[in-house]
Amino acid sequence: MFGRRTDAVGAAPNPGVGAAKNTAQGKPKPAPKPAPKKAAPAAPPPRVAKGSPAASAQPVEIGGRSDEYFQTKTTIFNALIDTIDLSQLAQLDTEAASEEIRDIVNEIISIKNVQMSIAEQEALLQDICNDVLGYGPLEPLLARDDIADIMVNGASRVFIEVGGKIQLTNVRFRDNAQLMNICQRIVSQVGRRVDEASPICDARLPDGSRVNVIAPPLAIDGSALTIRKFKKDKLRIQDLINFGSISPEGAQVLEVVGHCRINTLISGGTGSGKTTLLNCMTAFIENDERIITCEDAAELQLQQPHVVRLETRPPNLEGQGEVTMRDLVKNCLRMRPERIIVGEVRGPEAFDLLQAMNTGHDGSMGTLHANSPREALQRIESMITMGGYNLPSKTIREMIVGSIDVVIQAARLRDGSRRITHVTEVLGTEGDTIITQDLFVYDIEGEDEDGGLLGKHKSTGIARPAFWDRAKYYGKEAALASALDAASE
Ligand SMILES: Nc1ncnc2c1ncn2[C@@H]1O[C@H](COP(=O)(O)OP(=O)(O)OP(=O)(O)O)[C@@H](O)[C@H]1O
Ligand SMILES: [Mg+2]
């Protein structure tokens, strides 16, 4: 059979090395993934209650594999590696290669007289195909659409984030070599390399998921792999309302903000839902506007017909060819944009975005990491200062006030729920201080018996926000007034 070793005796390659060879040849062939379950957008994300596996440190069972199963799998896997030539197998297409593996594994099971049920045998075949051709133990996690993040801390500790809560799973890699191999397989698909010499790498999976790898010696206990799963069915504003992330009135205010070309900053902590909210906000943009998006890894899914999507580029292996966010934002200005959307503002591009916002690109938006609207404005100021612009802080603050109209704060609360906690206006400066005014806030009122937070979105009673005239200009003042009135009742 093609792919079988002719010199099986004494030529067993180290499974890690064999798979690395595949990678070096640039022929990684991920096994076809089972179709992910479609998330029901109307159902709120499951909240992990107190006393559940997440609250105690019990690993969550994925696939129900026992220790005995892992031992059997290792024995059969080693026998398989002795039998096949992985480099030849890499020349087959995925389907033929997995057929080949299935034939040989079935033969090994009968020769070694391994006792297992048909279901176990099928699971074993799938796992081994995943190991040889795909992303190994990560495959069942990648196939699930309810997982937001996968975090691998060395071979034996794999965490997932489901419904806003981080849980330890029973998924594990054979050893750190297998984990490193899979990391290499992932990053080689985007033409990059991760090893001791260049131990930090960002990459993308073919489905768009964002990946970061940091390998030993920097990661002390084996490679750390972090995957932000790409959600095919992006949450929409109605989903956010259904989850209680925002009230219907709050959403109506966001619609006015998005529609009336009000410059907006979305602030929040890691994984708080900033990109999701930005994506929702873009739905309020009219179809005839020319929009340019700049991202580190393309996550936004705009529905408008006139969109140019740009992505930064890391330096190549020789350290050349980097294209930064600042380069993209600067270039955008020469592309006749009507709105510029920056996936994440984290450096000197803050200056260019602010300039764009107050030079006729109204309705531009961006996200940034900060824990409150006030902190978001401070961060913008420090990004500009650290970018080497020699401007007095008063000038920078005036520039911020002249550019940013609204800051929306997203947060992941301690019960795992994600909420929009503030919709805040930037009003002006008083002396050296930036004056802001909250329109909407989320008030935490208590805790239910499962540890879930109880709270309410409340309007602060401002009847005429500073962008009232703008809303009027776009014919949205009635919608704005009714949302603010309804929320303050
Ligand atoms: N309001 C929400 N309710 C439930 N789940 C949400 C909500 N907002 C976002 N999510 C989910 O949370 C995860 C993280 O969201 P998102 O990527 O938008 O966060 P982020 O703040 O941009 O993260 P990062 O800081 O890593 O860029 C995604 O899986 C997303 O589907
Ligand atoms: Mg994001």
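## Close-up views: helix pairs, sheets and a ligand shell

**View 1. Helices α4 and α5 pass each other in a right-handed crossing.** As in every view here, what you're looking at is a predicted model. The axes of α4, residues 94-111, and α5, residues 118-133, come within 10 Å of each other, and the two cross at roughly 130°. The pair therefore counts as oblique: the angle falls outside 65 to 115 degrees, but isn't over 145. On the α4 side, look for T94, A97, S98, I101, R102, V105 and I109. Facing them from α5 are Q121, L125, I128, C129, V132 and L133. Sorted by type, the residues of this contact come out as nine nonpolar, three polar and one charged.

**View 2. N113 sits in the loop between α4 and α5.** Zoom in on the backbone here. The phi angle of N113 is near 55°, so to speak a sign to look twice at: the value is positive, and the residue isn't a glycine.

**View 3. Six strands line up in an open sheet with antiparallel pairing.** Reading across, the order goes β3-β2-β1-β6-β5-β4. At the edges you'll find β3 (165-168) and β4 (200-204), each of which pairs on one side only. Ignoring direction, neighbouring strands in this sheet are turned by 15° against each other on average. For a closer look at one edge, follow β2 (residues 158-162), an antiparallel partner of β3 that is joined to it by four bridges. One residue pair to pick out is I160 with its bridge partner in β3, Q167.

**View 4. A cis peptide bond links P216 to P217.** Its omega is near 5°. To find the spot, go to the loop between β5 (210-214) and β6 (224-228), where P217 lies.

**View 5. Ligand 1 has 17 residues around it.** Coming nearest are A148, S245, G273, T275 and T276. Two helices, α8 (237-243) and α10 (274-282), each supply at least two residues of the shell. The largest share comes from α10, with three residues. By type, the shell divides into five nonpolar, eight polar and four charged residues.

**View 6. Nine strands make up an open sheet with mixed pairing.** The order to trace is β9-β8-β10-β11-β7-β12-β13-β14-β15. The edge positions go to β9 (307-311) and β15 (453-459); each has a single partner strand, so one side of each lacks a neighbour in the sheet. On average, and with direction ignored, neighbouring strands are turned by 25° against each other. Over at the β15 edge, seven bridges tie that strand to β14 (residues 433-447), and the two run antiparallel. A handy landmark is F440, which stands opposite S459 in β15.

**View 7. Helices α11 and α14 pack on the nine-strand sheet.** Start with α11, which touches β8 (291-295), β9 and β10 (339-342). The direction of α11 makes about 170° with that of β8. Then move to α14, residues 393-403, which touches β13 (418-430) and β14. Here the helix direction makes about 120° with that of β13.

**View 8. Helices α11 and α12 pack with their axes 8 Å apart.** The angle between α11 (residues 325-332) and α12 (residues 349-357) is about 20°. That is why the two count as roughly parallel, the cut-off being under 35 degrees. Their crossing is left-handed. From α11, the contact uses M325, R326, V329 and K330, while α12 brings E349, D352, L353 and A356. Tally these residues by type and you get four nonpolar, no polar and four charged.

**View 9. Helices α13 and α14 pack at an angle of about 125°.** Their axes are 10 Å apart, with α13 covering residues 373-386. At that angle, α13 is therefore oblique to α14. The crossing is right-handed. In α13, the residues making the contact are L377, I380, E381, I384 and T385; in α14, they're S393, I396, R397 and I400. The mix in this contact is five nonpolar, two polar and two charged.

Technical notes
Residues are numbered from 1 along each chain as its sequence is written. Chains are lettered from A and ligands numbered from 1 in the order in which they are written. This is a predicted model: local features need pLDDT of at least 70, side-chain atom pairs count only at pLDDT 80 or more; totals for chains, interfaces and linings use all residues. A residue is near a molecule or strand if its C-beta atom, placed from the backbone, lies within 6 Å of it. Ala, Val, Leu, Ile, Met, Phe, Trp, Tyr, Cys and Pro count as nonpolar, Asp, Glu, Lys and Arg as charged, and the others, Gly among them, as polar. Axes are lines fitted to C-alpha atoms, for helices over the stretch in contact, and angles run from 0 to 180 degrees between N-to-C directions. A crossing is left-handed if the near helix is turned anticlockwise from the far one by less than a right angle, and right-handed if clockwise. Two residues are in contact if their C-beta atoms, placed from the backbone, lie within 7 Å. Two strands pair if DSSP finds at least two bridges between them.
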